[in-house]
Amino acid sequence: MTIWYISTTGSDTSGDGSLGNPYATASKCITVSVNGDTIKYLNGTYTITNATDLSKQVTVTSNSGVKTDVVLSASITIFNIQESNVIISNMTLQTSDTSSLITIDRMSTGSTVPTFWSGNSITGCNLKYVTNC
């Protein structure tokens, strides 16, 4: 199991995802991660411009474990959960998106997607659950 780091000053090009040389986005972490890995946001406020497809069984959390240390702010959906056993914890998520903050997408797996949600502060909209119609 590997821990990948994200920072407001990180780089998806020159970073390697380590604590000393973090990536800039969760999408880059998902690309290099495998099931069971952890993605940790370093302290800061992140303006999210593209939704992150959580297509692997990962934990996404703040490095400090304190929800007010990491703020993800967006006018779009922040996470699109496409896999089971995804854990999102200890962050503040805020959005002005009127449709959703986090989307749980069953269409890719065709099964129920359990998500463990703890220690978060949510401002804005709630979950949007997309079923396989």
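**Paired strands, a buried serine and a pocket**

In this predicted model, W4 stands opposite I39 in strand β2. The two strands involved are β1, covering residues 3-6, and β2, covering residues 38-41; four bridges join them, and they pair in the parallel sense. To get from β1 to β2, the chain passes through helix α1, made of residues 26-32. This β-α-β crossover is right-handed.

A good place to pause along this path is S33, a residue in the loop between α1 and β2. Is S33 buried or exposed? Its relative accessible area is 2%, and because buried means under 20%, S33 counts as buried. The surroundings of S33 can be described through its contacts. Leaving aside residues up to four places away in sequence, S33 touches W4, K56 and V58. W4 is thus met again here, having already appeared opposite I39. The side chain of S33 also has a polar atom 3.2 Å from the backbone oxygen of I30.

The next feature is empty space. Rolling a probe the size of a water molecule over the atoms shows where such space is left. The largest pocket found in the model has a volume of about 200 Å³. Which residues line the largest pocket? The lining is formed by I6, A24, T25, A26, S27, Y41, Y46, T47, I48, T49, N50 and T52. Two elements, α1 and β3 (44-48), each give two or more residues to this lining. The largest share comes from β3, with three residues. Helix α1 therefore appears twice in this account, as part of the crossover between β1 and β2 and as a contributor to the pocket lining.

Definitions and conventions
Residues are numbered from 1 along each chain as its sequence is written. This is a predicted model: local features need pLDDT of at least 70, side-chain atom pairs count only at pLDDT 80 or more; totals for chains, interfaces and linings use all residues. Side-chain values use heavy atoms; hydrogens and water are left out. Two strands pair if DSSP finds at least two bridges between them. A crossover is right-handed if, with the strands pointing away from the viewer, the path from the first strand over the helix to the second runs clockwise. Buried means under 20% relative accessible area, exposed over 50%, partly exposed in between (1.4 Å probe, protein chains only). A polar contact is a pair of N or O atoms within 3.5 Å; within protein, one must be able to donate a hydrogen and the other to accept it, and residues adjacent in sequence count only if both atoms are side-chain atoms. Contact means heavy atoms within 4.5 Å. On a 1 Å grid over the protein atoms alone, a cavity is a set of points where a 1.4 Å probe fits but cannot get out, and a pocket is an open set with protein on both sides within 12 Å along at least five of seven lines; lining residues have an atom within 4 Å of a point. Grid points are joined across faces, edges and corners, and a volume is the space filled by probe spheres set on the points.
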